[in-house]
Amino acid sequence: MEVDKKEETASDSSEQVVNPWEVSAKDGGKIDYDKLIDQFGCQRLDESLIDRVHRLTSRQPHVFLRRGVFFAHRDFNEVLDEYERGDKFYLYTGRGPSSEALHLGHLIPFMFTKYLQEAFKVPLVIQLTDDEKCMWKNLSVEESQRLARENAKDIIACGFDVTKTFIFSDFDYVGGAFYKNMVKVAKCVTLNKAMGIFGFSGEDHIGKLSFPPVQAVPSFPSSFPHLFPGNDKLRCLIPCAIDQDPYFRMTRDVAPRLGYSKPALIESSFFPALQAKNGKMSASDPNSAIYVTDTAKDIKNKINRYAFSGGQDSIEKHREIGANLEVDIPVKYLSFFLEDDTELEHIKKEYGEGRMLTGEVKKRLTEVLTEMVERHRMARAAVTDEMVDAFMAVRPLPTMFE
Amino acid sequence: MGFTKDHLLARLQELQIDYSKYEHPPVLTVEEQAKYVSSSEGTLSKNLFLKDKKNRYYIVSAMVDTKVDMKVLSQRLGLGKGGIRMAPEEALTELLQVSLGCVTPFAVINESARDVSLLLDQKFMNQTRCIFHPLSNDVSISLNTSGLDKFLQSIERDPVYVDLEANPVVGKDQPPDLAVYVPSNSVVVPELPNKTASIQTPSKNVSAEKTKPAAASAKPSKPAGNVKSAVENSALLVFKDPEKFVEEILDKTSALLLSEMKVENVEALTETLRKRLAPQFTNLAVMYKNKAYSEGFYAGTHSQPKRPQ
């Protein structure tokens, strides 16, 4: 059984804080991912697993796997074992629709999930936690529902296949079999346990207390009787950012007691903010992030003005010492989004040894991001309300494993 | 063509509305206007031209000192927190038929502005005279609110005065108090043909305290889904029309071929083509498939599924 540590509260900045509602590094430094893996009790995603994925899917593993963006997991090896034996799985990911403004950091789990869907040919459920945002961000019900639909459009624009994807919003879908599972899960988690895992206190309203089962039960196929009728043993794989781990530790703890398989997880690190302050990109600071609605000009400006550079102060010094690749944001971003491994290595070498200047790196990054954002924008423009309705309709997906 | 200032002034005279006129060089801000029209003549106004996500437009006319909080206003109108923003320049020209720096309650005299909601600062009512532009920013007129009311009634509008600084609770049991002033009709403002449509960027720079509407943002705002410019419409056909779909694929392939011609080895070239184009084309194909499915689904369900307002 996994150990659940109570996460420290924000006032204590001498420890790093990682939970679904707050991410900050220790003493204003970087997030220590090794410590996190230790603390949470999950596994590192190593080379051998990545090779296995390559073999099983007969295609190059996604750039996020190659570059260690998705770096931790729980039971991913078991999922691969079963897949090899012919037992498929389904994917589950989600978004809390708190704002209309989506930035690149938000897209990362979706880009990766899309790759998993294509590579393994498996179905996907996407949960929009409009109820969570209504409660935590104090939005009106209507506003959170509206945001959920708007975000659904950006999600669809990432390229999901409608014949294999079910998108649902909590306000619309909770009920029936889904709710029955929620109650089953809720019965297994005491108030004290919930307070320990999520840091709730006597001041928090009971809505928050009762939310975790909502995010837990999509891991169980019986929550979706229209998709997986009679297939109660179907395994679930959850790609998510590592700050969501607490929800699923709780879920994995409860699953065996309900006679369900534990969901497997594959977890990513945080996408750094442009200015590289500790923590992650924040939707509330427009200059910390590149938005999917930014124009080419905006992207260029933001990269040039705000992207934290590891280059040296003067050209001479730079040519002598080279750039500090550890802190350089443009290189970090390129490692997320530049597909070509060879080119990235080349840039790292030349820049790190002082022969390439920050301006060139930033220019290349601007190109890569602009292309990505343009493509997204184009796809987003093609998403109509009818398409959202289709993705969100409670309907069977007969070809979901093909 | 819209009403000119002379038309308007003539109309005011016909209605026997008492006003004083001040001519001055064109002014774009209240500060500038204040240089030429002193406060003894009346109280200056700031005028905001706003738009919500459903293409409904509003003129908010307030005393310069009145704090207009856009978030609160948006909530009071029942549009949620971020539901309202400055309207773009083309809406100014198309709907109000005035130029930049010239938003004024009098703009509603134009037919094109019939669906624009006009909200006036309650504090105007206590002032002897208030100052507005009569459709042109090289003139200012001061008049009493009773004169303004008479003008509005003459064009069959009810004057609406609102306490703009109030911040009432809006919730389940306290409906938004200004929701009744939301226009029942939305207006589609066609985008100018030489600008490619872009999704409106979050308006980070504009604050409600700006004195004249910042329609200075030249970026066209994308109306909520319905109207797309001719340019964008044809670009989107690629997801619907088989011929355009194939054309796009051949175009991109040829372009890449031509740009990579320097590679002597044809096999390496085909490898590059595959590598570079496969992800792009897969995305294109998935969206094509999604569109086809959605259209079939819609047809199959026969009726419009319920959507939240």
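**Strands, helices and a few loop residues**

Colleague: How many bridges link β3(A) to strand β4 (residues 70–74) of chain A?

Modeller: Strands are DSSP E runs of at least two residues and helices are H or I runs of at least four, numbered from the N terminus. Two strands pair if DSSP finds at least two bridges between them. β3(A) and β4(A) do so in the antiparallel sense, and the bridges number two.

Colleague: Before we go on, what kind of model is this, and which atoms do the side-chain values use?

Modeller: It's a predicted model, where local features need pLDDT of at least 70, side-chain atom pairs count only at pLDDT 80 or more, and totals for chains, interfaces and linings use all residues. Residues are numbered from 1 along each chain as its sequence is written, chains are lettered from A and ligands numbered from 1 in the order in which they are written, and side-chain values leave out hydrogens and water and use heavy atoms.

Colleague: Back to the sheet, then. Which strands stand at the edges?

Modeller: The sheet is open, with seven strands in the order β3-β4-β9-β8-β5-β6-β7 (chain A) and mixed pairing. Each edge strand has a single partner, so one of its sides is left without a neighbour in the sheet. The two are β3 (43–44) and β7 (165–169) of chain A.

Colleague: And which residue is the bridge partner of A:Arg44?

Modeller: β3 of chain A covers 43–44 and is an edge strand. The partner of A:Arg44 sits in β4(A), and is A:Ala72.

Colleague: How many bridges join β8 to β9 in chain A?

Modeller: On one side, β9(A) runs antiparallel to β4(A) over four bridges, with A:His73 opposite A:Ile266. Strand β8 (residues 235–241) pairs with β9(A) in the parallel sense, and there A:Ala241 stands opposite A:Ser268. The β8–β9 bridges number five.

Colleague: How many residues of strand β9 (residues 264–268) of chain A are buried?

Modeller: Buried means under 20% relative accessible area, exposed over 50%, partly exposed in between (1.4 Å probe, protein chains only). In a regular strand, side chains alternate between the two faces of the sheet. Here A:Ala264, A:Ile266 and A:Ser268 point one way, A:Leu265 and A:Glu267 the other, and all are buried. That makes β9(A) mostly covered, with a count of five of its five residues.

Colleague: What's the angle between helix α7 of chain A and β6(A)?

Modeller: α7 (residues 141–156) lies across β5 (89–95), β6 (124–128) and β7 of chain A. Axes are lines fitted to C-alpha atoms, for helices over the stretch in contact, and angles run from 0 to 180 degrees between N-to-C directions. For α7(A) and β6(A) it's about 145°.

Colleague: A:Gln145 is in that helix. Which residues does A:Gln145 contact, leaving aside neighbours within four places in sequence?

Modeller: At 17% relative accessibility, A:Gln145 counts as buried. Contact means heavy atoms within 4.5 Å. On that basis the partners are A:Asp130, A:Phe171 and A:Asp172.

Colleague: Is A:Asn138 buried or exposed?

Modeller: A:Asn138 lies in the loop between α6 (130–136) and α7 of chain A. Its phi is near 55°, positive for a residue other than glycine. With a relative accessible area of 62%, A:Asn138 is exposed.

Colleague: How do α14 and α18 of chain A cross, right-handed or left-handed?

Modeller: Two packed helices are described by the angle and the distance between their axes. The axes of α14 (residues 296–306) and α18 (residues 358–382) of chain A come within 9 Å and cross at roughly 145°. The contact includes A:Ile299 and A:Ile303 of α14(A) and A:Leu365 and A:Leu369 of α18(A). A crossing is left-handed if the near helix is turned anticlockwise from the far one by less than a right angle, and right-handed if clockwise; this one is right-handed.

Colleague: How far apart in space are A:Pro246 and A:Asn19, C-alpha to C-alpha?

Modeller: A:Pro246 sits in helix α13 (residues 245–254) of chain A and is buried, at 0% relative accessibility. A:Pro246 and A:Asn19 are 227 residues apart in sequence, but in space the distance is 7.0 Å.

Colleague: Last one, on chain B. How far apart are the end C-alpha atoms of helix α7 (residues 242–259)?

Modeller: The expected span is 1.5 Å times one less than the number of residues. For the 18 residues of α7(B) that gives 26 Å, and the model agrees because the end C-alpha atoms are separated by 26 Å.
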